[in-house]
Amino acid sequence: MSYRAPLSEYQFLFDHVVNYSEIAAQDCFEYATNDVVAAVLNEAGHLSAGKIAPLNRNGDLTPAYLENGVVRTSPGFADGFKAIAEGGWIGMSAQPEFGGMGLPMTVTTAVNEMMAGACLSLQLAPLMSQGQIEALEHHASDELKALYLPKLISGEWTGTMNLTEPQAGSDVGALSSKAEPNGDGSFSVTGQKIYISWGDHDVAENVCHLVLARLPDGVAGTKGISLFLVPKYLPDDAGNPSETNTLKVVSLEHKMGLHGSPTAVMQFDGAKGWLVGPEGGGMRAMFTMMNNARLGVGGQGIGAAEGALQKAMVYAGERKQGRRPIENGTGTIIDHADVRRMLAVMKADVFAARAIALMCAAAIDMQSATGSTGWGARAAFLTPIAKAFGTETGMRVSEMGVQVHGGMGFIEETGAAQFYRDVRVTAIYEGTNGIQAMDLVARKLMDGGDAAFALLDEVEQFTEASREACPALAEPLWDATENLRQTTEWMLAQDALNARFAGAVPYLKAFARVLGGYVHLKAAMAEQGKGSRTKLATVYIARLLSEHVSLLSEARVGDSDLYALSADELAAV
């Protein structure tokens, strides 16, 4: 099966759901007209389908490996990365001053999703570089920007993110990596980091590591952490890689999926690096990269879902099994009610997740263009939802894709299982989905719920205006939004954060379900309630939106029932 970039879906979303014309009207994006964006997406679609997608199976069957201290990537990955780099796709949203295109994040989000759908293992490399580029743009010195940004944007060098240590996962403040000043403006960084995506490879000439470490006078916890840029090869006076830095790959992880993406255990032994941002400001600088990556990882989930959906749709349209259940059908399993249910639900969820990710990207663009705190709050609120719902959709849709294949889905040769194995980690890295939910009900509600209620008000206003044209869609969405509003008020009334945390995951899922109903209603209204998008919206409203009832009920339970069971009672057999 060949991958097809969902170009028409993105064009529809840009035109009718996320109001891209408002972004293009901003002075800083005036060159990113609809025609330009259409051309960009078309070229990215051709690249994804023609050059990147054929590498997906190679990456799974022939993983990256470590040979005499050097990481060798999967067959064809070097050429695939070169095509991405030479096309300028790494620096789509980067500053033109350093060689970037300066395109809106909305466009970058669409392109990244297409490339992830084609080959998630390979797409992870430019995604990491994009996050590092943004972190350096915001926090690095002018000297570091001038040296590193052009190389990262061009793809000559790649970037990584080094947070996790064996004893410090989500609790980053427990890290033990140290940095000592060298007296010349540089620092010696020592420590071990694990789970480093694309920590080493042979597709570019240098690897630039952003490493969190603690200076000698750094206080305990996250406030004492600083961020350092530590390259594999130290640049010479001309800015070219020369002396090898004192760091190495200890091993590569053997993973459930993403075999083509080398995930390294990195050892830094007094490796030379440079401070990014102020001393003790490491977490703030790193969060710039992490937030960029969180939206990108949500897009990875959506891309995997799209790939799984396409494969399942092709198989269902070819596989003949059992009696023909409907007249004038195709004679294949796509006629069977349960298979039709799975495919319709998969398609409806992919649309919802894709639209929510674009809503988040659009808010980032508008905040960047206007400096509005309102747009910034909207982007911040939508980020954990886009990440968690995008990756949950990837897992759910790829799992259903295996089910559509039946027994053949469990056979590796079909490639259906690869989507599920590859996407599973997206709900874990860049902050687990549980952490995203906890962030949503804690930090993101510290404004008294202003950002949440602004979104709910928007949904209800649109729903009210849609009642006449689409009453069967608008009325259930109105009820769901009101239920979500009441649960948001309940969350705000809980002084004990643990009571919020116990219901955080179902609350986030319910918020995503309501936003999904909103974007589906917008799609239906674009055709005045008459057409295929209205039919798909009906599937979503009838079969998926209703989940909000049980989700919000669980969200309001609190934590007492969980802690009534002791740890020993939970472990008893």
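The points below go through the packing, one helix, the ion pairs, the cysteines and some unusual backbone angles of this predicted model.

1. Main core. The largest nonpolar core holds 162 residues, and the members that touch the most others within it are F14, V111 and F511. Helix 10, which runs over residues 337-370, gives the most to this core, its share being 19 residues. Around V111, once the neighbours within four places in sequence are set aside, the contacts are with V40, L41, A44, W89 and M92.

2. Second core. Separate from that core there is a second one, made of 18 residues, and among them are A64, A179, V189 and L247.

3. Helix 8, length and bend. Helix 8 covers residues 142-154, and because each residue should add 1.5 Å, its 13 residues should span 18 Å, which agrees with the 18 Å found between its end C-alpha atoms. The helix nevertheless has a kink of about 35° at Y148, shortly before the proline P150. Just after the helix, G155 takes a positive phi of about 85°.

4. Helix 8, surroundings. The buried residues of helix 8 are L144, K145, Y148, L149, K151, L152 and I153, so that the kink position Y148 is itself found in the buried set by the cut-off of under 20% relative accessible area. As a general point on such spacing, an α-helix has 3.6 residues a turn, so residues three or four places apart point the same way. The cover over the buried residues of helix 8 includes helix 7 (120-139) together with strand 3 (157-162), strand 6, strand 7 (225-231), strand 8 (233-235) and strand 11 (263-276).

5. A lysine of helix 8 and its partner. K151, listed above with the buried residues of helix 8, has a side chain that meets the side chain of E156 in a salt bridge, with an N to O distance of 3.5 Å. K151 counts as buried because its relative accessible area, 15%, is under 20%, whereas E156 is partly exposed at 35%.

6. An ion pair across the sequence. The model has 24 salt bridges in total, and one of them joins the side chains of D184 and K272 at 3.9 Å, N to O. D184 lies in the loop between strand 4 (178-181) and strand 5, while K272 lies in strand 11, so this pair ties together parts that are 88 residues apart in sequence. D184 is exposed, with a relative accessible area of 52%, and K272 is partly exposed, with a relative accessible area of 29%. The distance of 3.9 Å should be read with the cut-off in mind, because a salt bridge is counted when the nitrogen and oxygen atoms are within 4 Å.

7. A salt-bridge network. R421 forms a salt bridge with E412, and the closest N and O atoms of the two are 3.0 Å apart. R421 is buried at 14% relative accessibility, while E412, at 34%, is partly exposed. These two residues belong to a network of salt bridges that links R57, D60, E412 and R421.

8. Glutamate 458. E458 has its place in helix 14, residues 450-466, and counts as partly exposed at 25% relative accessibility. Leaving out residues up to four places away in sequence, E458 touches R378 and Y518. E458 and Y518 are 60 residues apart along the chain, and the separation of their C-alpha atoms is 9.3 Å.

9. Cysteines. A disulfide is a covalent bond between the sulfur atoms of two cysteines. The count of disulfides in this model is 0. Of the cysteines, C208 is buried with a relative accessible area of 0%, and C470 is also buried, at 4% relative accessibility.

10. Positive phi outside glycine. W198 is not a glycine, yet its phi is positive, at about 55°. W198 is found in the loop between strand 5 (187-197) and strand 6 (206-214), and counts as buried at 1% relative accessibility. E430, likewise not a glycine, has a positive phi of about 60°. The loop that holds E430 runs between helix 12 (416-423) and helix 13 (433-441), and at 12% relative accessibility E430 counts as buried.

Methods:
Residues are numbered from 1 along each chain as its sequence is written. This is a predicted model: local features need pLDDT of at least 70, side-chain atom pairs count only at pLDDT 80 or more; totals for chains, interfaces and linings use all residues. Side-chain values use heavy atoms; hydrogens and water are left out. A nonpolar core is a set of buried Ala, Val, Leu, Ile, Met, Phe, Trp, Tyr and Cys residues joined through side-chain atoms within 4.5 Å. Buried means under 20% relative accessible area, exposed over 50%, partly exposed in between (1.4 Å probe, protein chains only). Helices (H or I, at least four residues) and strands (E, at least two) are DSSP runs, numbered from the N terminus. Contact means heavy atoms within 4.5 Å. A disulfide is a pair of cysteine sulfur atoms within 2.5 Å. The expected span of a helix is 1.5 Å times one less than its number of residues. The bend at a residue is the angle between axes fitted to the seven residues ending there and the seven starting there.
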